[in-house]
Amino acid sequence: MAETASQTGHNIHQMILGNQSTAVLLFDEALQVHYLNNAGEMLLGISARAAMGQSAAHLLRCPGVEGLASYLQLALQSDQPISKRETPLLLSDGREIIVDCTLMSLLDEQSNRCVLAEVRQIDLQLRLNREEQLINQNDATRELVRGLAHEIKNPLGGLRGAAQLLAMELDNSALTEYTQVIIDEADRLQLLVDQLLGPRKIPLNKAVNIHHILEHVRSVVSASTANQITIQRDYDPSIPDLQGDPDQLIQAFLNILQNSAQAAGDKGTIQLKTRIQRHFTLANKNYPLVLQVDVTDDGPGIPAKLKNKVFYPMVTGRAEGTGLGLSIAQSLINRHAGLIEFSSSPGNTVFTIYLPLEQSL
Ligand SMILES: Nc1ncnc2c1ncn2[C@@H]1O[C@H](COP(=O)(O)OP(=O)(O)OP(=O)(O)O)[C@@H](O)[C@H]1O
Ligand SMILES: [Mg+2]
C-alpha cells in the first residue's frame, strides 16, 4: 500500500526526533512521560517503554534544589518557554549531571496541554570552559610574575652589592649590623622571587611510575605529621608509566598533599586515588589515555572567598602560608601538559590532577 503524505511526514518527524542529539521528552497534563526520544533514553539511562507514565518528579530529580519538575508545572501554566541553565539532575544510577533545559507548553491534537522538555547535558562544556579559564589565568599570572621578578632582580643585585661594599668600608660593627640587614633582606627577597619563578632547570623527560611518586610523597607527608594522619590508597596498578620529570612531579604532588594534610589536621584522613581516563580532552586536545589522580581530604574545605583564586601566587588562607604551593604545582603540571582542578565542600575536598600518558615533554 502506498504511503500517504501524512504518513511520510510522520516518519520524517520520528526520524528527526530519534536521531537528535538533544534529549526530548513530552509530559502530559499530569506531568507524566508521554514520549522520550533515543537521546533521552541515553541521557536518563532508561528505555522509553520503562519511562512511559513515570512522573516528572521521579524522572527529573534534582539533588538538594527545587527540581525541574516544579518548572514543568510552571511551564504548563505559561505561554512562554522557560529556560533553566546549569541545573543539576540526579540519574537513576546515582550520578549527578548538569543540564540546560528548555520547557515549552503545547496543545496536542486533542487540545490537551502538555510540556515539551529539551534537555542538554553540559558538564563537558562546563569543564572545558573552566579549564580554559584556569590555563589562561595561569598563563597571565606567570607572565606578570616573570616580568615583575625580572624588574626586581636587577636592582636587588645592585642593592646587595652596594651593601657589601659599604660593609667593607665600615669598621664600626654597630653600622655593619645595618648593612647585614640589607644583605639578609635582599637574600630573602631573592629567594622569594626565585620561588615565584618556579624551577628553571630544563625538565627531565623520563619514564615515571606515578605510584612511586605518590608513595614517596606519602612517606614525606606521613613523616612530617609524625604518622598521625591517615593516608589511604586506592591505586590502579595497571596504569602505565608517564613521561616527565620525577622531581617536578614530586614537588607538585607534595605541595597538594601538604595542603591536604594541613587542612585535614592530625586526626584527618587523606585518600590518594589513581585511575585512567580514555579519550579525554585536556586544554582542547584529545588524548587517548590520561592519568587521573584524586587527592581527597576530610578537612573543612577551601574558604569560599579563596575558591576563585587559589591557583594565584601569594593567595593564602593560612597565617604562616606563602601562597605559592598551588601556583607552583599548577605550573609544574601544566609543563607536563596536564591540569589541576578541585572541588571542595566541608569534609570533602578533592584536588584532581590530570596528566596525559604517552606524551613527551
Ligand atoms: N585541601 C585544602 N583544604 C582547604 N583549603 C585548602 C586546601 N588546599 C589549599 N587550600 C587553601 O588554599 C590556600 C593556598 O594554598 P597554597 O598551597 O597555594 O598556599 P599555602 O599553603 O597557603 O602556602 P605554601 O606556599 O606554604 O604552600 C591555602 O592557604 C588554603 O587556604
Ligand atoms: Mg600550600
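**Exercise 1. Find which residues surround ligand 1 in this predicted model, and sort them by class.**

Solution. Start with the count: 20 residues surround ligand 1. The closest are Asn259, Asp297, Thr316, Gly317 and Thr322. Next, sort the shell by class, which gives 8 nonpolar, 10 polar and 2 charged residues. Then look at the elements they come from: α9 (246–264), α10 (325–335) and β12 (348–356) each supply at least two residues of the shell. The largest share, 3 residues, comes from α9.

**Exercise 2. Trace polar contacts of ligand 1, then work out how much of its area the protein buries.**

Solution. Begin with the nitrogen side: a nitrogen atom of ligand 1 lies 2.8 Å from a polar side-chain atom of Asp297. Now turn to oxygen. An N or O atom in the side chain of Arg318 is 3.1 Å from an oxygen atom of ligand 1. At Leu326, a polar backbone atom is 2.9 Å from an oxygen atom of the ligand. Taken alone, ligand 1 exposes 600 Å², and the protein buries 89% of that. Finally, check the pockets: the largest one is the space taken by ligand 1.

**Exercise 3. Decide why the pair Phe311 and Phe342 counts as tilted, and place both rings in the chain.**

Solution. First, the search of the whole structure finds 3 aromatic pairs. For Phe311 and Phe342, the ring centres are 6.1 Å apart. Their planes stand at 50 degrees, so the pair is tilted. Now place the partners: Phe311 is in the loop between β10 (285–297) and α10, while Phe342 belongs to strand β11 (residues 339–345). With their positions 31 residues apart in the numbering, the pair links distant parts of the chain.

Note on methods: Residues numbered from 1 in each chain as written. Chains lettered and ligands numbered in written order. Predicted model: local features only at pLDDT ≥ 70, side-chain atom pairs only at ≥ 80, totals over all residues. Heavy atoms only, no water. Near = heavy atom within 4 Å. Polar contact = N/O pair within 3.5 Å; in protein donor to acceptor, adjacent residues only side chain to side chain. Areas by Shrake-Rupley, 256 points an atom, 1.4 Å probe, with all protein chains shown as cover. 1 Å grid on protein atoms, 1.4 Å probe; cavity = no way out; pocket = protein on both sides within 12 Å on 5 of 7 lines; lining within 4 Å. Sits in = over half its atoms within 2 Å of the grid points. Helix = DSSP H or I, 4+ residues; strand = E, 2+ residues; numbered from the N terminus. Nonpolar A, V, L, I, M, F, W, Y, C, P; charged D, E, K, R; others polar. Phe/Tyr/Trp six-rings, centres within 6.5 Å; stacked < 30°, edge-to-face > 60°.
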